[in-house]
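Visitor: Could you take me on a close look at a single part of this structure? I would like to see how one strand sits among its neighbours.

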Amino acid sequence: MTSYQSMQDKYNEERDKRLAASTIGNYNDIREPGLEDLSHDLFADYEALTSKDQPLKDGCEVKFLFGGAGHNAIFSAYHLIQGGIKPEEICLVDIAGGFGGTWYWNRYPGLTCDVEGYIYLPLLEETGYMPKHKYSYGHEIREQNERVAAQFGLRGMFCTQIESANWDEDAARWVIRLTQRLGPTKKPELLTVRCQFFLPCGGWFIAPKAPAMPGFDRFKENIKVFHTARWDYNYTGGNEYNQELVNLKDKRVGIIGTGATGVGCIPELAKWAKHLYVFQRTPSYCGPRPDSQTTPEAWAKVACKPGWQYERSENYNRFLTNDAAEVDLVSDGWTHSRGFSGASGRRLVVTAENSEQIFDEMMKIDLAQAEKVRAHIAREVKDPETAEKLKPWYPGWCKRPTFHNTYLQTYNRENVTLVHTPEGVTSYTDKAVIANGQEYEVDCLVLATGFSSTLYSFRSPMESLGIPVTGRNGRSFTSKWSGRDFGTLFGIATHDFPNLFFCSVSGSTISTNSSSLFYMTGNLRAHVICKAIQKSKNPDKVIVEASKEAEDKWTDECEARSMFYRLVRTCTPGYIADESAAARLLQGSKDTDLEPRYAPFSGGIIEYTERINKWMETGNLEGFDIEYESLAIWDEWATTYDNDVHNAGVDYVGPQMTAQTVKDVLGEVNGAILDAGCGTGLVGVALAKLGAKTIDGIDLSTRMLDVAGKTGAYRDLSTADMTKRIEKPDESYDIVTCCGTFSSGHVGPVPGLAELARIAKKGGIVVCTVVDEVWVSGGYKAEVDRLASVGILEVLSAENVDYWRGTERTRKSIMVVMKRT
């Protein structure tokens with residue numbers, strides 16, 4: 001048996017101890033009733049906020065409303081502005097009292113980011129800011145968020161909860177209900193606002209969570225309890241800039257959690273507490289961190305050319321995904337931990353045939369670094385028994401590793417006790433924490449227990465954000481997420497939820513440098529929106545929605561490559577391997593049938609970025625249906641439409657060209673005709689002039705049909721949505737026409753073309769126009785070719801002809817003539 005196989009046995013043994021624990025997954029979100037005392041904002045300057053004019057008023061409308069004001073939202077807003085959007089058209093809404101997201105809430109002593117600040121702090125090149133250290137302190141990161149917001153004119157609506165978001169189909173707007181709470185003495189203000197685009201960009205870590213163990217409610221009535229994301233300096237003493245926790249000198253302090261947060265604050269607590277009890281379920285890998293102050297000389301070497309931050313970030317991500325470049329620009333614990341690619345993804349495809357081989361390779365890559373870290377722990381911790389408890393026994397991709405230069409040495413202090421409890425804390429008494437069957441009395445308990453996270457891909461990101469979202473036809477976002485028709489396009493959009501752009505691990509990817517991912521996906525969101533707006537004559541009417549076909553195709557690919565993430569079967573519970581999901585996977589639960597569809601893109605951030613950049617370079621927004629007018633707009637336009645398309649500057653010749661094409665093909669215009677997407681009847685009138693007697697028309701707009709009815713050209717008129725099945729019998733028309741409907745933002749190729757073929761009689765003809773700029777890129781040519789290849793249609797011609805003529809607008813279309821076979 002090879003050494004790594006023996007190690008895997010050890011890993012499995014340690015994992016199973018934790019999976020068997022009755023405490024697994026038992027957490028409560030502090031937003032839940034009964035935990036309000038743990039969720040108060042201790043940092044908001046209510047007086048300053050109240051003195052300012054609020055960017056949103058009840059009943060107002062804003063073009064772009066963001067949920068969140070941290071890195072994710074700021075990057076997206078920045079890219080929108082770069083794409084031509086005005087800052088005053090954007091508002092960032094956050095329950096926090098200011099910009100920063102997780103860096104607003106996290107102010108605990110010892111707080112730094114374990115990812116190099118040179119690549120993590122947003123938009124350093126654009127703001128010209130030089131970080132003070134290689135690894136930045138929390139307040140500096142928050143201040144950089146504030147600096148970016150000020151420089152680009154971003155507006156924040158703070159201390160405001162998004163209660164719900166509902167799509168108004170007629171108005172083509174999101175209706176957002178908000179509650180703003182500007183302090184405990186001020187009455188909450190309820191607002192309803194509208195936006196054209198809703199972007200819930202709350203990042204990965206949403207709300208703190210607390211262990212849901214028996215006795216906790218009674219315990220926190222007697223003992224001071226707070227979460228690290230609500231650090232109470234009024235109790236401990238000090239502040240985020242001067243971290244002298246003088247009030248703890250006579251206190252017995254407990255802390256639950258030894259992840260990245262615990263590793264950061266435990267050394268600071270140990271300096272001041274009378275005694276510190278550290279409750280550890282699963283130890284973290286903890287290696288050294290090469291920190292240093294930033295000197296102008298060193299900075300000149302880092303910020304050495306335009307685009308340096310993005311080049312450095314890409315270099316980091318290459319090492320993270322084991323797709324290493326020749327030179328390691330960052331050169332730290334992250335870039336040396338190639339085994340973490342088991343979580344971040346990697347440029348390879350795992351199949352049933354090669355899965356064991358790849359797993360073995362990953363284990364060997366990880367084992368070398370894991371052994372180094374375990375040896376480092378043994379050197380740093382003097383007591384062998386304690387050192388053994390601090391050694392992690394799981395693959396490095398299972399739990400975020402940590403990097404700290406004094407954490408391990410903290411356990412050499414006499415006032416620090418490590419309580420190693422694989423089962424976790426099991427309960428509480430009035431004044432004590434119970435672990436391993438023993439009571440530990442404390443005066444204060446700090447919860448370093450993590451957050452509700454959007455990293456749990458099985459869980460709807462809207463559920464994580466706490467926002468009920470309702471899209472088309474009254475469907476809830478959460479029901480779509482849990483339904484059999486689940487899917488995303490690139491992890492940022494989903495069908496039935498127009499003008500909604502979110503942040504999801506499902507269908508997207510991850511990086512421990514989340515800034516690099518948020519920068520890239522923010523650029524993607526802005527690209528889609530700005531391109532759609534640029535193509536529109538009236539930007540206020542644009543509706544952008546992922547097509548069902550495109551999201552299924554992308555999600556199918558992510559699912560097909562999801563076997564890579566079967567590596568989580570080896571994992572101890574944690575937020576990377578969602579605790580409840582890990583248990584289900586291990587046990588082979590039937591609930592796992594759909595889980596591969598929720599997988600991230602397993603190729604990692606480098607391959608994902610390459611795919612997205614290549615897609616954006618085409619500029620055609622393939623996979624997104626773009627509507628430039630809602631149904632309400634068509635109804636409103638009906639009475640003036642004919643005059644508008646035949647004014648002095650524009651002549652809409654498509655209808656006459658369509659009718660003439662029918663006559664040219666058949667010689668005489670006889671038989672039953674369906675004019676699909678008939679609008680006000682321009683094609684029907686032209687056909688009637690050529691001798692047609694029996695014409696039926698269908699259209700989405702009833703008011704357009706009212707105008708068509710007054711022409712006298714039609715036998716029957718009815719409403720129909722050509723993006724769905726048309727309620728007409730098979731083989732019921734000799735001639736089917738469709739002019740002006742197949743274009744970007746109207747009706748896509750599927751199922752529209754196949755439906756027209758179905759309705760046509762055998763031997764009958766289908767004549768339709770397709771705007772030339774989307775004939776290929778929009779998939780229309782491919783669908784026509786498919787219908788021909790399976791013997792449904794014979795293509796008689798497909799010619800580029802005039803569509804609009806005039807001084808103001810000239811446009812071409814493909815006039816497609818097909819025979820039903």
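Guide: Happily; what follows is a walk around one strand, and then a step back to the whole chain. This is a predicted model, in which local features need pLDDT of at least 70 and side-chain atom pairs count only at pLDDT 80 or more, while totals for chains, interfaces and linings use all residues. Residues are numbered from 1 along each chain as its sequence is written, and side-chain values use heavy atoms, with hydrogens and water left out.

Our strand is β25, residues 694-699 (strands are DSSP runs of E with at least two residues, helices runs of H or I with at least four, numbered from the N terminus). Five of the six residues in β25 are buried, meaning under 20% relative accessible area with a 1.4 Å probe, counting protein chains only.

On one side, β25 pairs in parallel with β24 (residues 672-676) through five bridges; strands count as paired if DSSP finds at least two bridges between them. Here Leu674 has Asp696 of β25 as its bridge partner. β25 is also joined in parallel to β26 (residues 716-719), by four bridges, and Gly697 stands opposite Leu717 of β26.

Helices link these strands. α26 (residues 682-689) completes a right-handed β-α-β unit with β24 and β25, and α27 (residues 702-709) does so with β25 and β26. Right-handed means that, with the strands pointing away from the viewer, the path from the first strand over the helix to the second runs clockwise.

Stepping back, the chain holds 30 helices and 30 strands, and 59% of its 821 residues are buried.

Notes
Buried < 20%, exposed > 50% of the residue type's maximum accessible area, 1.4 Å probe, protein only.
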